[in-house]
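Open the model in your viewer and keep the sequence panel beside it. The tour below goes from one selection to the next and says what is found at each stop.

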Amino acid sequence: MRLLSVAVMVSLLPAAVPLGGVAHAGTTYYVDSKAGDDAAAGTSATTPWKSLEAVNAADLKPGDIVSVKRGSSFTGPLTLSADGTAAKPIVVRAYGTGKPAKITGRTSACVVVSGDHWHVSGLRATNCQWAGFEISGDGNVLSDVRADHNVTGVSITHTGARNTVKDSELIDNNRMSVNDKGGDDDSGAFGILLNGDDNLVADNTISGSHAKSHDYGIDGAAIEIFSGNRNRVLRNTSHNNNTFSELGAKKGDTATGNLFAFNVVTSSLKIGSFLVTRGPGHIVGPVKGTVVVHNSVYMPARKTIGWSCHDGCSPSILKVRNNVIAVGGEAGYEDGKGADEAGNVYRARTAKFTLGSRSVMADPRFVSRGDLRLRPGSPARERAVRLTPAWFGGAAFAKDINGKPLPSAPHAGAYQG
């Protein structure tokens, strides 16, 4: 028999098989807290594992799937430390019927994603010591998860970059991690805390992020950004959060280039604000290049404020375009050189800023207190200044709360219908 050369043998190998061995097609593992057994194989719905410890100990590879039985209940943490790839993420998902699997426990975080390229869905994290979900890796996706009654529903740490949190519910994350007298250091009650860079937060429902504070009376935020850069916050629905977003950075860090677009914010709380940012005169400033465009806000209580840009505000600190902001208190506040403001509609008792081009103080004529679409004849209709897709990070993101592209004559606010 004539021997084939190495080159010929390599050419005859199937294209999908790498030279190092057989390609990994991905294994599906099952976990069921009621009917499982950690001594079982875990590779079928009839032989599931019982605990998260079995998942934590598994040697997971790119393309693997962990299916968690709905109705299960676990004590955390679930630690996801392996690395998937962009082409083959490691997946955690739900199977069966009923409520999402619940993970709780007095660990720091109930679900810890320290690896890269995980897609996690169908889980609930509740009553965790710190975060429901903590992400410190890159390229991960949380979707269709729920976090409630934690200090923060989702925490993306300073090493977490290019992650996505979407289509999820962050509800009543209303506890403080620091809540002592003096020191100006109370912290907590966050729906999402962003300390990392280049993350996307989109299409989530966030509510109930507020708690009593010794330092501030009431504190909390739907989305807190601290030392995080270039994050995009798009098309979220926010209700009864103390603040929609507050931005800051520790000395030596920055919080530059964060974008807020097409969010719908309502609140019936007695006190609150839409957005708070700072100039160089503040201990956690300056926060540079924040862009706030096409949001709709309704907060009727008297101790409310739309946006605040203080301790050295300037156009390089804050750009405000094409929003509809109706509050019972102050529409906005600026000092210093002031914000770069245009194309907005405000209704408020007071305003401490200078209106820019095409901005107006008028009743926006929302459909109702809970429905911030615009009635016919609203002054917000076709009020907006035209913006290029670059304002939103590209044409794919220049879409309203319902996913509609901006028309040639756009409305102010989150709704273009």
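Which residue in E20 is the bridge partner of Leu170? Select Leu170 and look across to E20: the partner is Ile206. Leu170 belongs to a parallel pairing in which strand E15 (residues 169-171) and strand E20 (residues 205-207) are joined by 3 bridges.

Before going further, colour the chain by confidence. This is a predicted model, and its pLDDT averages 92 over the protein. A score of at least 70 is reached by 90% of the residues. Now select residues 1-23, where pLDDT stays under 50. For this stretch the model has 7 contacts beyond four places in sequence. Where pLDDT is low, predicted coordinates should not be read in detail.

**The sheet with E15 and E20**

Show the strands that run in the order E3-E6-E9-E12-E15-E20-E25-E28-E31-E34-E37-E39. They make an open sheet of 12 strands with parallel pairing. Its edges are strand E3 (73-75) and strand E39 (360-361), each pairing on one side only.

**The sheet from E1 to E36**

Next, show E1-E2-E5-E8-E11-E14-E19-E24-E27-E30-E33-E36, an open sheet of 12 strands, again listed in order and with parallel pairing. Strand E1 (28-31) and E36 are the edge strands here, and each has a pairing on one side only. On average, neighbouring strands of this sheet are turned by 10 degrees against each other, direction ignored.

Three stops within this sheet follow.

- Select strand E8 (residues 118-121) and strand E11 (residues 141-143): they run parallel and are joined by 3 bridges. Val120 stands opposite Leu142 in E11.
- Select strand E30 (residues 290-293) and strand E33 (residues 318-321), paired in the parallel sense over 4 bridges. Thr290 has Leu318 in E33 as its bridge partner.
- Keep E33 and add strand E36 (residues 340-342); this parallel pairing has 3 bridges. Here Val320 has Glu341 in E36 as its bridge partner.

**Backbone stops in the loops**

Most residues other than glycine have a negative phi, and most peptide bonds are trans. Three loops hold exceptions to look at.

Go to the loop between E3 and strand E4 (78-80), where Pro77 is placed. The peptide bond joining Gly76 and Pro77 is cis, with omega about 15 degrees.

Then move to the loop between strand E29 (271-278) and E30, which holds Pro286. A cis peptide bond joins Gly285 to Pro286 as well, and its omega is about 0 degrees.

The third stop is His117, in the loop between strand E7 (109-113) and E8. What is the phi of His117 near? The value is near 60 degrees, which is positive in a residue other than glycine.

**The second largest pocket**

Rolling a probe the size of a water molecule over the atoms shows where empty space is left. To find the second largest pocket, select Tyr298, Ala326, Arg347, Asp363 and Phe366, the lining residues that lie nearest its centre. The whole lining has 15 residues. Strand E31 (296-299) and strand E34 (324-327) are the elements that give two or more residues to this lining. E31 and E34 were already on display, in the sheet that starts its order with E3.

How much space lies in the second largest pocket? The figure is about 190 Å³. Colour the lining by residue class to finish: 8 of its residues are nonpolar, 2 are polar and 5 are charged.

Definitions and conventions: Residues are numbered from 1 along each chain as its sequence is written. This is a predicted model: local features need pLDDT of at least 70, side-chain atom pairs count only at pLDDT 80 or more; totals for chains, interfaces and linings use all residues. Side-chain values use heavy atoms; hydrogens and water are left out. pLDDT is the predictor's confidence in each residue, from 0 to 100. Contact means heavy atoms within 4.5 Å. On a 1 Å grid over the protein atoms alone, a cavity is a set of points where a 1.4 Å probe fits but cannot get out, and a pocket is an open set with protein on both sides within 12 Å along at least five of seven lines; lining residues have an atom within 4 Å of a point. Grid points are joined across faces, edges and corners, and a volume is the space filled by probe spheres set on the points. Ala, Val, Leu, Ile, Met, Phe, Trp, Tyr, Cys and Pro count as nonpolar, Asp, Glu, Lys and Arg as charged, and the others, Gly among them, as polar. Two strands pair if DSSP finds at least two bridges between them. Axes are lines fitted to C-alpha atoms, for helices over the stretch in contact, and angles run from 0 to 180 degrees between N-to-C directions.
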